[in-house]
Amino acid sequence: MNWWLAAACALVAGGLGPCLWGAARGPAGGRVVAQNMATLLLCLVLLLLSQGYGRPSYVDLALVVAVLGPAGTLVFTRLLGDEMGERPPGTRLLTPAVLVGAPATVVPMCIAAGPGRAAAKLVLIGVLLIAGGAVTSRAVRRG
């Protein structure tokens, strides 16, 4: 086991598990917030696993999650707008989690990958995560 896999295990145990629990239980607003956070963490876990196992195909899965995850959150926010309430619990943590988590994962991976196409793909994923997180956290706050 290397440090990339250890970080992925820590994210799964400490972050993804509670997010899945929150997405399965609680009020509608809390479920949408948990789903949004789970999307971010899943993308970061896939990036860490791709580096840990040396499988570049996992980066493609992370790219798909980075594109479709925020779209799913926006759809759920639109459909559950009346049931979500004014400020669902946990909305204050979404933007800082995205602004800290994405660069903290993507920058070391870009350094490890070196210059080239793989680093450009990682930067694109990081930009998509940050932009999608900013848009979805604003949409969740407004309901």
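Which residues is Asn 36 in contact with, leaving aside its neighbours within four places in sequence? They are Thr 73, Leu 94, Thr 136 and Ser 137, where contact means heavy atoms within 4.5 Å. Before we follow those names, a word on what you are looking at. This is a predicted model, in which local features need pLDDT of at least 70, side-chain atom pairs count only at pLDDT 80 or more, and totals for chains, interfaces and linings use all residues. Residues are numbered from 1 along each chain as its sequence is written, and side-chain values use heavy atoms, with hydrogens and water left out.

Back to Asn 36, then. You'll find Asn 36 in helix α2; helices here are DSSP runs (H or I, at least four residues), numbered from the N terminus. Asn 36 has a relative accessible area of 8%, so it is buried. The scale goes like this: buried means under 20% relative accessible area, exposed means over 50%, and partly exposed is in between, with a 1.4 Å probe and protein chains only.

Helix α2 as a whole tells a similar story. Of its 26 residues, 21 are buried, so α2 is largely enclosed by the rest of the structure. From its first C-alpha to its last, α2 reaches 37 Å, close to the 38 Å expected at 1.5 Å a residue; that expected span is 1.5 Å times one less than the number of residues in the helix. Just after α2 comes Gly 54, which takes a positive phi of about 70°.

Stay in α2 a little longer and look for Cys 43. With a relative accessible area of 0%, Cys 43 is buried. Not counting residues up to four places away in sequence, Cys 43 touches Ala 62, Val 65, Ala 66, Ile 125 and Leu 129. Ala 62 sits 19 residues away along the chain, yet the C-alpha atoms of Cys 43 and Ala 62 are separated by 4.8 Å.

Two of those partners, Ile 125 and Leu 129, are also on the list of buried residues in α6, so let's move there. Helix α6 covers residues 117-142, and its 26 residues reach 38 Å from first C-alpha to last, close to the 38 Å expected. Its buried residues include Ala 119, Leu 122, Gly 126, Gly 132 and Gly 133. What do the buried residues of α6 pack against? They pack against α2 (28-53), α3, α4 (81-84) and α5 (91-113). One general point helps when you trace a helix like this: an α-helix has 3.6 residues a turn, so residues three or four places apart point the same way.

Thr 136, one of the partners of Asn 36, lies in α6. Thr 136 has 0% relative accessibility, so it counts as buried. A polar atom of its side chain lies 3.3 Å from the backbone oxygen of Gly 133. Setting aside neighbours within four places in sequence, Thr 136 is in contact with Asn 36, Pro 70, Thr 73 and Leu 74.

At the far end of α6's numbering, Arg 142 is a contrast to Thr 136: at 68% relative accessibility, Arg 142 counts as exposed. The C-alpha atoms of Arg 142 and Val 32 are separated by 13 Å, with their positions 110 residues apart along the chain.

Now for a charged pair. The count comes to one salt bridge, meaning a side-chain nitrogen of Lys or Arg within 4 Å of a carboxyl oxygen of Asp or Glu. Lys 121 forms a salt bridge with Asp 60, and their closest N and O atoms are 2.6 Å apart. This pair links distant parts of the chain, with Lys 121 in α6 and Asp 60 in α3, 61 residues apart. Lys 121 is partly exposed at 25%, and Asp 60 is partly exposed at 35%.

Helix α3 (residues 57-79) also holds Leu 68. Leu 68 has a relative accessible area of 55%, so it is exposed. Together with Val 64 and Val 67, Leu 68 makes a nonpolar surface patch of about 270 Å². Such a patch is made of residues with over 30% relative accessible area and no salt bridge, with like charges joined within 9 Å and nonpolar side chains (Val, Leu, Ile, Met, Phe, Trp, Tyr) within 5 Å. Accessible areas come from the Shrake-Rupley method with a 1.4 Å probe, and for residues only the protein chains shown count as cover.

Two last stops. In α5 you'll find Leu 93, which is exposed, with a relative accessible area of 58%. In α1 (residues 3-24) there is Ala 6, which counts as partly exposed at 28% relative accessibility. The C-alpha atoms of Ala 6 and Arg 78 are separated by 37 Å.

Definitions and conventions:
Helix = DSSP H or I, 4+ residues; strand = E, 2+ residues; numbered from the N terminus. Polar contact = N/O pair within 3.5 Å; in protein donor to acceptor, adjacent residues only side chain to side chain.
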